[in-house]
Amino acid sequence: MRKNWKKIISLILTVVCMLIVTVAPVFAEAESTPEYLPVEETVFDQMLSSSVSLVQSLTTAYTDEELESIANAGILFNSRAVNAWLDNREELGALVEIGESSYERDGDFVTCTIHAQFEKNPGIVRVFWNINTSQATDMTITVETAKSVLFKEAGMNTIVGVGIVFCVLVFLIFVISLFKYIGAGEAKKTKAAEKEKAPVKSAPAPATIQAAPQTDDLELQAVIAAAIAMYEEEMSTASQDAYTARSVRRRSNWKRA
């Protein structure tokens, strides 16, 4: 039993020793090694001045043929720098002056930023350097819009906006003015529809003379006939009473005497 414990303890100690041997150098290197190797400020100043000289010579000292030959020479940085300038030359124009310049370090790389004023627009040139090789690796140019161009664009945008608003208002006024015609047409249509829907007043039917029953006519005729007969009878009797024919005899007065 004791022998087994001794073996186990010896195995643990061996593993611990191996870990100490492998991990200790790593901690020692991490503590002694800085984030990046220190570089003198003069090196950064030289990179910045070289970048400024590169921008001046690239934009002013070479013709188009020379720039094409430099781009086709097979050096990667030269071809990138020439292409960056040729791509933005029309928007920038000729170089007027070099403005503020600064550099920024990020690990083993340095970015030199150069503000330059050109004839048409200002631009920002960035040149990237590798500290380990002390060589430039890339170059980019960013075109900034000039203030005068910005003011012109703002003025044009304002004029266009006001013109669009004015045209829209005129169009709305024209549309609103047509509403009265639209309403009049609809009113006429509704009146016509109401006239069509309204029932047509038919002419009063002629009064139909109801024929009295035939029995009534006979009774009426009988009554009229009776009345006529009575009237004639009365007239005949009246005429007889009024005009009675009597015989008149003349007597002689001499016989009385």
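Two strands pair if DSSP finds at least two bridges between them; helices (H or I, at least four residues) and strands (E, at least two) are DSSP runs, numbered from the N terminus. The model is predicted: local features need pLDDT of at least 70, side-chain atom pairs count only at pLDDT 80 or more, and totals for chains, interfaces and linings use all residues. Residues are numbered from 1 along each chain as its sequence is written, and side-chain values use heavy atoms, leaving out hydrogens and water.

**View 1. Strands β1 and β2 form a hairpin.** Strand β1 (residues 95-106) runs antiparallel to β2, and 9 bridges join the two. Asp 106 has Phe 109 of β2 as its bridge partner. The hairpin has 2 residues between its strands, and Gly 107 in the turn has a positive phi of about 70°.

**View 2. Strands β2 and β3 are paired.** Their 9 bridges are antiparallel, and a hairpin of 3 residues joins β2 to β3. Val 110 is opposite Trp 129 in β3. Of the 10 residues of β2, 7 are buried (under 20% relative accessible area, 1.4 Å probe, protein chains only), so β2 is largely enclosed by the rest of the structure.

**View 3. Helix α4 covers residues 76-92.** At 1.5 Å a residue, its 17 residues should span 24 Å (1.5 Å times one less than the number of residues); the end C-alpha atoms are 24 Å apart, which agrees. At Leu 86, α4 bends by about 30° (the angle between axes fitted to the seven residues ending there and the seven starting there). Just after α4, Gly 93 takes a positive phi of about 85°.

Terms used. Buried means under 20% relative accessible area, exposed over 50%, partly exposed in between (1.4 Å probe, protein chains only).
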